[in-house]
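Subject: Structure handover

Hello,

Here is the structure for you to take over. My notes on it follow below.

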Amino acid sequence: MSEAIGYELIGDIAVLSAQNPPVNALGLDVRQGLVDGMARAENDGAKAVLIYGEGRTYFAGADIREFGKPPTGPFLPDVCTRIEASPLIVVSALHGTALGGGLEIALGSHYRVAVPSARVGLPEVLIGVMPGAGGTQRLPRLIGVDASVDIITSGRQVGAKEALELGILDRVEDGAPRDIGLAYARELIDSGAPRRAISEMAAPQAVDFDALYDVVLKKSRGMIAPAKAVRGVQACCELPFDQGMIRERELFMELMASDQRQGMIHAFFSERAVGKLPELKGVEPRDLNAIGVIGGGTMGAGIATSALLSGLSVVMLEMSPEAAEAAKGRIEGNLGGALKRGKLSQAQFEDLTTKALTLSTDYSALGDVDLVIEAVFEDMDVKKTVFTQLDAVCKPGAVLASNTSYLDINEIAASTNRPSDVIGLHFFSPAHVMKLLEIVVADKTAPDVVATGFALGNRMKKTSVRAGVCDGFIGNRILSTYRTCADHMILDGASPYQIDKALTDFGFAMGPFAVADLAGLDIGWAVRKRKRAEGLDPRARDSSYADKLCEDGNFGQKTGKGYYVYEAGKRAGVSNPDVMPLIEAERAEQGLTSREFADDEIVRRYMAAMVNEAAKVVGEGIARRPLDVDVTLLYGYGFPRYRGGPLKWADMVGLPELLADIKKWAEEDDYFWQPAPLLEQLVAEGRTFDDLNKESA
């Protein structure tokens with residue numbers, strides 16, 4: 001017997017206990033232990049087998065340490081089949097999570113009991129594959145096509161109550177998994193209950209799977225795993241069980257060999273690696289119980305909401321009592337969404353808005369907070385004024401943070417007498433929803449202040465990325481470049497609407513011009529004016545048609561008109577007929593000749609600009625690793641997860657080819673298309689961005 005699976009015979013019930021902390025992942029030792037345990041139970045003359053997990057969970061899924069390594073038997077499909085084929089009654093007692101292969105083990109059992117807090121699911125599509133150990137063959141036989149397709153193609157977790165109602169579970173009971181499992185097994189033996197193998201149940205009635213495939217593919221915005229999983233369910237309905245298992249495995253292996261699977265796995269591991277910084281090893285964060293937020297607009301209210309939901313008390317500072325009350329209203333509106341979704345009770349809502357939240361118009365109210373975040377207007381003089389006042393009133397050791405999107409944190413820190421306490425915490429709007437947090441480390445920021453920033457992000461359930469100081473940090477610096485590339489294509493003949501469509505077809509959640517409308521065109525306008533005031537390089541191409549939109553008061557969604565026109569209450573807009581005449585006038589003024597762009601060229605140029613600037617960001621140390629860039633673009637900028645991030649995408653399409661394109665375009669614009677030194681170095685050495693990730697691990 002493997003030590004990962006314990007064995008005990010209690011009367012005529014054999015107990016197999018998973019002992020592979022922390023999550024009882026289904027590694028080789030666990031799989032072998034289950035096979036050996038089943039054989040031993042049968043040899044010992046048991047009448048039933050109980051399978052459960054020690055510690056905090058049942059089998060939570062595959063062992064991520066085996067990802068990318070050659071598979072070793074016994075393979076999970078064979079383990080599930082071996083369990084199901086036993087002449088003994090097999091009961092699984094679930095607690096914690098039974099996900100992916102964990103649920104497939106439970107479906108290989110004949111009966112399933114769970115504690116009320118247990119959750120089950122088949123989340124394989126979230127890493128670019130599909131269930132491959134019978135999930136698409138057994139689950140539809142148990143609960144039907146519609147419910148199975150919903151669970152499998154969404155990858156969502158299902159609570160015990162819903163799982164019982166659907167028929168995934170046979171019973172839900174309070175108690176220790178071992179105890180409720182033994183009691184259920186005893187009851188089944190005493191009542192003469194039969195073995196109940198799902199594979200022997202009738203297959204559900206077939207539906208129009210071609211239509212269902214198309215619906216799922218469209219809903220997945222180009223991700224192929226959910227649609228492939230539909231074909232697995234189709235095999236359950238149309239083929240005998242054994243042949244269905246073969247078909248499921250074929251589909252699974254097709255996905256395993258796909259670029260999308262590579263991208264999703266890269267995203268999975270990068271998300272886990274991004275917060276692991278050698279510089280913070282052994283560094284303890286400062287105390288964090290109360291925070292201050294300066295500015296209660298959309299961003300400040302979102303930050304305050306996120307803080308309240310994470311258990312922090314918040315002092316909201318505004319310029320006037322009226323502005324403070326308006327900020328409170330925004331916070332209540334945000335929390336009201338959580339209340340409607342059942343994430344908060346009415347009592348919790350009232351506690352957060354009346355006890356945990358304090359409104360003030362006086363900086364002295366921030367005297368006892370552990371950390372303060374300013375979210376005021378994006379203007380350096382305004383920021384410096386705020387930080388000078390914070391320096392005067394905040395207690396020693398308080399962390400002073402700016403939510404600036406672009407501005408120099410070193411310059412802000414220099415306006416205080418405690419630059420080591422100053423850091424950038426760049427949230428993304430809406431801050432209580434968006435997962436990304438850029439933690440911007442200035443030259444004099446203390447290590448424990450950096451650790452405190454990451455602790456805050458973790459507490460708020462954010463994905464935090466370390467960034468260095470430059471104009472725009474990681475995300476907005478790269479955004480500025482690829483958005484400039486889009487603007488150049490506009491001047492040369494493309495339309496904003498063609499570019500948006502080409503990029504949403506590529507997999508972006510939104511195109512750059514729709515994103516600009518969502519963020520507010522006035523933000524980009526302010527940045528352009530600042531950069532022009534600082535002085536543009538004479539070689540840089542510039543345009544003013546977007547400025548004219550702003551001059552007319554058209555700032556996008558918040559004013560109802562930008563690149564698109566929006567009806568009240570609707571987020572999607574229709575093309576603004578005023579835009580193209582402005583663009584055509586600009587082309588004429590600059591004496592430009594328009595040409596047609598194919599969608600493929602739009603995507604290639606846009607992505608090459610993104611990758612080239614990202615390589616500069618990594619090469620300069622603004623991002624420590626390529627994966628930091630990938631996570632930033634995935635979580636803050638709508639980059640399609642199944643492509644892994646821009647630098648993973650670049651590795652997959654080929655760095656030499658990308659560099660060749662950049663050099664070709666440099667012949668027409670050698671200022672914008674300056675190849676990144678790091679990109680040139682990697683190509684010369686025959687290496688990839690992922691090689692850099694591995695070296696930093």
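Over the face of which ring does Arg 643 lie, and at what distance from the ring centre? The ring is that of Phe 506, and Arg 643 lies at 3.9 Å from the ring centre. Please keep in mind that this is a predicted model.

Phe 506 appears in two other places. Together with Tyr 482, Phe 508, Tyr 606, Phe 639 and Trp 649, Phe 506 forms one aromatic cluster. Phe 506 is also one of the buried residues of helix H19, which covers residues 496-506. The others listed as buried in that helix are Pro 496, Tyr 497, Ile 499, Asp 500, Ala 502 and Leu 503. Gly 507, just after H19, has a positive phi of about 130°.

A second charge over a ring involves Arg 595, whose charged end sits over the ring of Phe 597, 3.8 Å from its centre.

On aromatic pairs in general, the structure holds 16. Trp 525 and Phe 555 form a tilted pair, because their ring planes are at 40°, with the centres 6.3 Å apart. Trp 525 belongs to helix H21 (residues 521-534), while Phe 555 is in the loop between helix H22 (545-551) and strand S18 (564-565), so the pair ties together parts that are 30 residues apart in sequence. Trp 525 has a relative accessible area of 18% and is therefore buried, the cut-off being under 20%.

Trp 665 and Trp 673 make another tilted pair, with ring centres 4.9 Å apart and planes at 50°. Trp 665 is buried at a relative accessible area of 5%, and Trp 673 counts as buried at 4%.

Next, the nonpolar cores. The largest has 97 residues, and the members that touch the most others are Leu 366, Leu 390, Tyr 563, Val 629 and Phe 689. Helix H24 (residues 599-619) gives the most to this core, with twelve residues. If neighbours within four places in sequence are set aside, the contacts of Leu 390 are Ile 294, Tyr 363, Leu 366, Val 372, Leu 400 and Arg 418. Another core lies apart from the largest one and has 81 residues, including Val 113, Val 125, Ile 189 and Phe 252. As background, nonpolar side chains in soluble globular proteins tend to be buried together.

Last, the sheet. Six strands make up an open sheet with mixed pairing, in the order S1-S2-S3-S4-S6-S9. Strand S1 (5-10) and strand S9 (171-172) are the edge strands, each pairing on one side only. Helix H1 (residues 28-43) packs on this sheet and touches S1, strand S2 (13-18), S3 and S4. The direction of H1 makes about 20° with that of S1.

Both senses of pairing can be looked up as follows. S1 and S2 are antiparallel, over six bridges, and Gly 6 stands opposite Ser 17 in S2. The two strands form a hairpin with two residues between them, and Gly 11 in the turn has a positive phi of about 65°. Strand S3 (residues 48-53) and strand S4 (residues 89-94) are parallel, over four bridges. Leu 50 has Val 91 in S4 as its bridge partner.

Regards

Key
Residues are numbered from 1 along each chain as its sequence is written. This is a predicted model: local features need pLDDT of at least 70, side-chain atom pairs count only at pLDDT 80 or more; totals for chains, interfaces and linings use all residues. Side-chain values use heavy atoms; hydrogens and water are left out. Two strands pair if DSSP finds at least two bridges between them. Contact means heavy atoms within 4.5 Å. Axes are lines fitted to C-alpha atoms, for helices over the stretch in contact, and angles run from 0 to 180 degrees between N-to-C directions. A nonpolar core is a set of buried Ala, Val, Leu, Ile, Met, Phe, Trp, Tyr and Cys residues joined through side-chain atoms within 4.5 Å. Buried means under 20% relative accessible area, exposed over 50%, partly exposed in between (1.4 Å probe, protein chains only). Rings of Phe, Tyr and Trp (its six-membered ring) pair if their centres lie within 6.5 Å; planes under 30 degrees apart count as stacked, over 60 as edge-to-face and the rest as tilted. A charge sits over a ring if NZ of Lys or CZ of Arg is within 6 Å of the ring centre and within 35 degrees of the ring normal.
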